[in-house]
Amino acid sequence: MTLTASVRRPDAEAGTDAEANAGAGDRTTGETGTEADAGTRPESRWDRSRDADGLAVASFVLGLVGLLVMNLLLGPAAIVMAIIALARSTSRRGRACLGLALGVADLVVLAFLVTGTGTVSWNFAG
């Protein structure tokens with residue numbers, strides 16, 4: 001038998017046909033019968049860590065941009081993303097902490113602007 005042959009022959013020790021074809025599944029639909037291959041792939045540690053790293057970077061960027069514009073929205077978003085990244089044990093812990101600090105700074109800047117002008121608005125003209 002060559003490597004390109006598509007027919008699998010069960011070994012003599014394999015037992016019944018049901019045991020030999022247990023992993024083969026339905027050949028018409030392509031399903032294999034296992035949960036991992038049926039489209040419900042369990043989330044691996046790598047995927048979770050990568051998501052947490054992305055959240056840490058996003059919180060940093062949102063906190064930084066929030067110092068200049070839309071700090072009412074971007075500050076709390078940066079805080080929430082940083083907390084979630086830290087809870088998921090990100091490998092970019094420093095960036096998540098910076099995102100948390102910048103998110104808090106966004107809200108502090110907003111508080112100073114509101115108390116100084118009485119409105120939630122920016123005024124660069126002075």
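## Exercises on a four-helix model

Ser89 has a relative accessibility of 58%, so this residue counts as exposed. The model is predicted. The exercises start from the loop that holds Ser89.

**Exercise 1. Place Ser89 and describe its backbone.**

Solution.
- Step 1: Ser89 sits in the loop between α3 and α4 (93-117).
- Step 2: Its phi is positive, about 60 degrees, although Ser89 is not a glycine.
- Step 3: Apply the cut-off for exposure, which is over 50% relative accessible area. Ser89 has 58%, so it is exposed.

**Exercise 2. Decide whether Thr90 is buried or exposed, and list what it touches.**

Solution.
- Step 1: Thr90 also belongs to the loop between α3 and α4.
- Step 2: Buried means under 20% relative accessible area. Thr90 has 10%, so it is buried.
- Step 3: Set aside neighbours within four places in sequence. Thr90 is then in contact with Ala52, Asp53, Ala56, Ala85 and Ala96.
- Step 4: With Asp53 there is a polar contact, side chain to side chain, at 2.6 Å.

**Exercise 3. Find the loop that holds Met70, and name the surface patch to which Met70 contributes.**

Solution.
- Step 1: Met70 lies in the loop between α2 (45-66) and α3.
- Step 2: Met70 is not a glycine, yet its phi is positive, about 50 degrees.
- Step 3: Met70 is part of a nonpolar patch on the surface, together with Val61, Val65, Leu68, Val69, Leu72, Leu73, Val114 and Val120. The patch has about 810 Å² of accessible area.
- Step 4: Helices α2 and α3 each give the patch at least two residues.
- Step 5: Take Val65 as one member. Val65 is in helix α2. Its relative accessible area is 39%, so Val65 is partly exposed.

**Exercise 4. State how far Ala77 is from Ser59, C-alpha to C-alpha, and classify the exposure of Ala77.**

Solution.
- Step 1: Ala77 is a residue of helix α3.
- Step 2: Along the chain, Ala77 and Ser59 are 18 residues apart. Their C-alpha atoms are separated by 7.2 Å.
- Step 3: Partly exposed covers the range between under 20% and over 50%. Ala77 has 27% relative accessibility, so it counts as partly exposed.

**Exercise 5. Work out which residues Leu110 touches beyond its sequence neighbours.**

Solution.
- Step 1: Leu110 is in helix α4.
- Step 2: Its relative accessible area is 11%, so Leu110 is buried.
- Step 3: Leave out residues up to four places away. Leu110 touches Asn71, Leu72 and Val120.
- Step 4: Look at Asn71. It is 39 residues from Leu110 in sequence, and the C-alpha atoms are 6.6 Å apart.
- Step 5: Leu72 and Val120 are also in the nonpolar patch.

**Exercise 6. Summarise the whole chain: secondary structure, burial, contacts and confidence.**

Solution.
- Step 1: Count the elements. The protein has 4 helices and 0 strands, in the order α-α-α-α.
- Step 2: Of its 126 residues, 17% count as buried.
- Step 3: The protein exposes about 9,300 Å², and 61% of that comes from carbon and sulfur atoms.
- Step 4: Take contacts with a separation of 6 or more. Residues 24 or more positions apart account for 57% of them.
- Step 5: Mean pLDDT is 75, and 57% of the residues reach 70 or more.
- Step 6: Confidence is highest in helix α3 (residues 71-87), at a mean of 93, and lowest in helix α1 (residues 17-20), at 50.

Notes
Residues are numbered from 1 along each chain as its sequence is written. This is a predicted model: local features need pLDDT of at least 70, side-chain atom pairs count only at pLDDT 80 or more; totals for chains, interfaces and linings use all residues. Side-chain values use heavy atoms; hydrogens and water are left out. pLDDT is the predictor's confidence in each residue, from 0 to 100. Buried means under 20% relative accessible area, exposed over 50%, partly exposed in between (1.4 Å probe, protein chains only). A polar contact is a pair of N or O atoms within 3.5 Å; within protein, one must be able to donate a hydrogen and the other to accept it, and residues adjacent in sequence count only if both atoms are side-chain atoms. Contact means heavy atoms within 4.5 Å. Patches are made of residues with over 30% relative accessible area and no salt bridge: like charges are joined within 9 Å, nonpolar side chains (Val, Leu, Ile, Met, Phe, Trp, Tyr) within 5 Å. Accessible areas come from the Shrake-Rupley method with a 1.4 Å probe; for residues, only the protein chains shown count as cover. A salt bridge is a side-chain nitrogen of Lys or Arg within 4 Å of a carboxyl oxygen of Asp or Glu.
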